[in-house]
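This report describes the fold, the aromatic contacts and the nonpolar core of one protein chain. The sequence and the structure are shown first.

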Amino acid sequence: MGRIQTFWTNNRTLVYTVSGLILGYSFAIGMSYLLFSIGQEKGKGHIQSFEITQLIKDSKEEILNVIRDSRNSTSNENINAVSKQGIIAFYAIATRSIDLEHSQTIVFDHVYTNIGKSYNPKTGKFIVPLNGLYRFGSTGMSQSDDVVHLQMNKNSVEVARSTAQQNYNTADMEAILELKKGDIIDVTRRTNNNKQTERLHGNRMASFTGFLIATM
């Protein structure tokens, strides 16, 4: 019952339009058969038969065009609604300190905002849901003895980097990127020749954010 109600809510205009066209289609067929009968009595059955066939063909094509247009319109409206309402956005933080190995992805485990459900707090990755222009930012903090080297990646390729010097210093980075659906954005420790591990300070001092600016 819930699915029927959801379909009715999302497709009410389409249902009304198609229903009206079907009724008009049925009326046209009825009237055409009436004209055909009259034409037969007047010796013009072959002319009316051609008109009936053409009328049915035109009516059928009109219904199919309305359905196609409505589907395209609904799809575009949904994308525009996402853009206008700004509903693709996330903000996550790390609640615990992490010993990062080379190129390790940082999992920001506590999510405050995840509208669109495109950020995965289990993997630390944001998977782009729509083609568009996006803005991302990340903050990291070192602990007493470690320098922390971080980078932001698009499909495993670096697009931004930052370095938090030792003694609880912070470092920020951000990027504005034109992305395609399915692209992956994440934050990792940068590969370098320093220690085997670098300790990223947690306690809500490391964050990862992003949002859709506009669809493209």
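Of the 216 residues in the protein chain, 34% are buried. The coordinates come from a predicted model. The chain contains 3 helices and 12 strands, and its accessible surface amounts to about 13200 Å², with 53% of that area belonging to carbon and sulfur atoms. Among contacts between residues at least 6 apart in sequence, 68% join residues at least 24 apart.

**Sheet**

Five strands form an open sheet with antiparallel pairing, in the order E4-E5-E10-E7-E8. Its edges are strand E4 (119–120) and strand E8 (157–164), each of which pairs on one side only. Strand E7, covering residues 148–154, runs antiparallel to E8 and is joined to E8 by 7 bridges. Within this pairing, Leu-150 stands opposite Ser-162 of E8.

**Aromatic pairs**

The structure holds 10 aromatic pairs. Two of them, both involving Tyr-119, are set out below.

| Pair | Geometry | Centre to centre | Angle between planes |
|---|---|---|---|
| Phe-90 and Tyr-119 | stacked | 5.1 Å | 0 degrees |
| Tyr-119 and Phe-208 | edge-to-face | 6.0 Å | 80 degrees |

The stacked pair links two strands: Phe-90 belongs to strand E1 (residues 89–94) and Tyr-119 to strand E4, so the contact ties together parts that are 29 residues apart in sequence. Phe-90 has a relative accessible area of 3%; because buried means under 20%, this residue counts as buried. Tyr-119 is likewise buried, at 3% relative accessibility.

The edge-to-face pair brings in strand E12 (residues 206–215), where Phe-208 lies; since Tyr-119 is in strand E4, the pair ties together parts that are 89 residues apart in sequence. Both Tyr-119 and Phe-208 are buried.

These residues also belong to a wider group. Phe-90, Phe-108, Tyr-119, Phe-126, Tyr-134, Phe-136 and Phe-208 make up one aromatic cluster.

**Nonpolar core**

The largest nonpolar core comprises 30 residues, and those touching the most other members are Phe-108, Phe-126, Tyr-134, Phe-136, Met-152 and Phe-208. At least two residues of this core are supplied by each of E1, strand E2 (98–100), strand E6 (132–141), E7, E8, strand E9 (170–179), strand E10 (184–189) and E12. The greatest contribution is that of E9, with 5 residues. Phe-208 thus appears both in the aromatic cluster and among the core members with the most contacts to other members.

**Surroundings of His-201**

Which element of the chain holds His-201? His-201 is located in the loop between strand E11 (198–200) and E12. Is this residue buried or exposed? With a relative accessible area of 15%, His-201 is buried, because the limit for that class is under 20%.

The side chain of His-201 is joined to that of Gln-143 by a polar contact of 2.8 Å. Leaving aside residues up to four places away in sequence, His-201 touches Ser-97, Met-141, Ser-142, Gln-143, Tyr-168 and Ala-206. Gln-143 is therefore one of the residues that His-201 touches, within the 4.5 Å limit that defines a contact. Among the other residues touched, Met-141 lies in strand E6 (132–141), and Ala-206 lies in strand E12 (residues 206–215).

Methods:
Residues numbered from 1 in each chain as written. Predicted model: local features only at pLDDT ≥ 70, side-chain atom pairs only at ≥ 80, totals over all residues. Heavy atoms only, no water. Pairing = 2+ DSSP bridges. Helix = DSSP H or I, 4+ residues; strand = E, 2+ residues; numbered from the N terminus. Buried < 20%, exposed > 50% of the residue type's maximum accessible area, 1.4 Å probe, protein only. Areas by Shrake-Rupley, 256 points an atom, 1.4 Å probe, with all protein chains shown as cover. Phe/Tyr/Trp six-rings, centres within 6.5 Å; stacked < 30°, edge-to-face > 60°. Polar contact = N/O pair within 3.5 Å; in protein donor to acceptor, adjacent residues only side chain to side chain. Core = buried A, V, L, I, M, F, W, Y, C linked by side-chain atoms within 4.5 Å.
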